[in-house]
Amino acid sequence: MPNGKREQNIRRIIEMEDRICICKRCLALTQCVRKPSLGKGDLDPVIMLVFEAESPYTADINKIIELRNIIKDTTGIEKIYHTYMVRCCPKSCSTLQNTTCYLNTKLLDKEYNCALSRSRCNGIPVRPHNEDIISCLPFLLEEIEILKPNYVFMFGKRVVEFLLRSYGIFDEIEVGHAYKHEDLVLFATVEENLFKASDLADFKR
Ligand code: SF4
């Protein structure tokens with residue numbers, strides 16, 4: 001990629017990330033999120049990996065490295081970037097559920113201490129609702145449009161379903177199947193914690 005184009009991509013990604021960091025479309029989610037999940041990796045990617053939202057698996061950098069290495073070794077492709085369909089992962093939290101007053105503010109400090117319980121946040125990450133996905137999906141579509149990967153690996157049924165539908169693809173969902181949208185190949189695979197090299201058996205460059 002020419003240098004000017006790369007710099008333009010970096011500028012556009014930073015500008016989008018700034019908007020994600022101040023986004024309040026899902027106010028109830030942002031209260032318990034210190035920092036939204038942002039994409040990481042090669043900014044001129046051949047493959048973009050898309051996870052549903054942050055989870056104990058994706059929060060473990062060693063697991064992400066292991067996953068990326070499996071993909072590199074199996075496909076021979078080095079330039080990989082990973083990102084999320086929902087940036088503010090919802091949490092299940094009894095403290096918040098038992099709170100009657102409505103606070104229009106972030107509840108976590110830099111040390112992840114909760115303003116309500118005055119102790120470290122013990123909320124449990126849970127799956128986003130469909131409405132959260134619909135609210136956040138435009139950021140993912142924008143990220144794909146900026147970085148223009150050749151392939152998008154969709155991890156898990158919900159990522160596959162929402163991303164394909166947003167490109168107007170209503171075919172039956174099949175794990176291990178590649179779908180085309182213009183120059184982009186969208187490859188459907190299992191959730192990241194279940195992924196293994198053999199899941200790429202049908203992947204073709
Ligand atoms: S989940 Fe996405 S759309 Fe909702 S507040 Fe966070 S960044 Fe905004």
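Helix H1 (residues 3–22) and helix H5 (residues 130–147) have axes that come within 10 Å and cross at roughly 170°, which makes H1 roughly antiparallel to H5 (an angle over 145 degrees). Here the axes are lines fitted to C-alpha atoms over the stretch in contact, with angles running from 0 to 180 degrees between N-to-C directions; helices are DSSP runs (H or I) of at least four residues, numbered from the N terminus. The model is predicted: local features need pLDDT of at least 70 and side-chain atom pairs pLDDT 80 or more, whereas totals for chains, interfaces and linings use all residues. Residue numbers start from 1 along each chain as its sequence is written.

On the H1 side, Asn-9, Arg-12, Ile-13, Met-16 and Ile-20 meet Phe-139, Glu-142, Glu-143, Ile-146 and Leu-147 of H5, with contact taken as C-beta atoms, placed from the backbone, within 7 Å. These residues divide into six nonpolar, one polar and three charged. H1 itself is hardly covered, as zero of its 20 residues are buried (20 or more other C-beta atoms within 10 Å of a residue's own). The end C-alpha atoms of H1 are 29 Å apart, which agrees with the 28 Å expected at 1.5 Å a residue (1.5 Å times one less than the number of residues).

H5 also takes part in the surroundings of the ligand, giving the most to the shell with three residues. In total, 14 residues surround the ligand, the closest being Cys-23, Arg-25, Cys-26, Cys-88 and Cys-136 (C-beta atom within 6 Å of the molecule). Helix H2 (27–30) and H5 are the elements that give two or more residues to this shell. By class, the shell holds eight nonpolar, two polar and four charged residues.

Key. Angles under 35 degrees count as roughly parallel, over 145 as roughly antiparallel, 65 to 115 as roughly perpendicular and the rest as oblique. Two residues are in contact if their C-beta atoms, placed from the backbone, lie within 7 Å. Ala, Val, Leu, Ile, Met, Phe, Trp, Tyr, Cys and Pro count as nonpolar, Asp, Glu, Lys and Arg as charged, and the others, Gly among them, as polar. A residue is buried if 20 or more other C-beta atoms lie within 10 Å of its own, exposed if 12 or fewer, and partly exposed in between; C-beta atoms are placed from the backbone.
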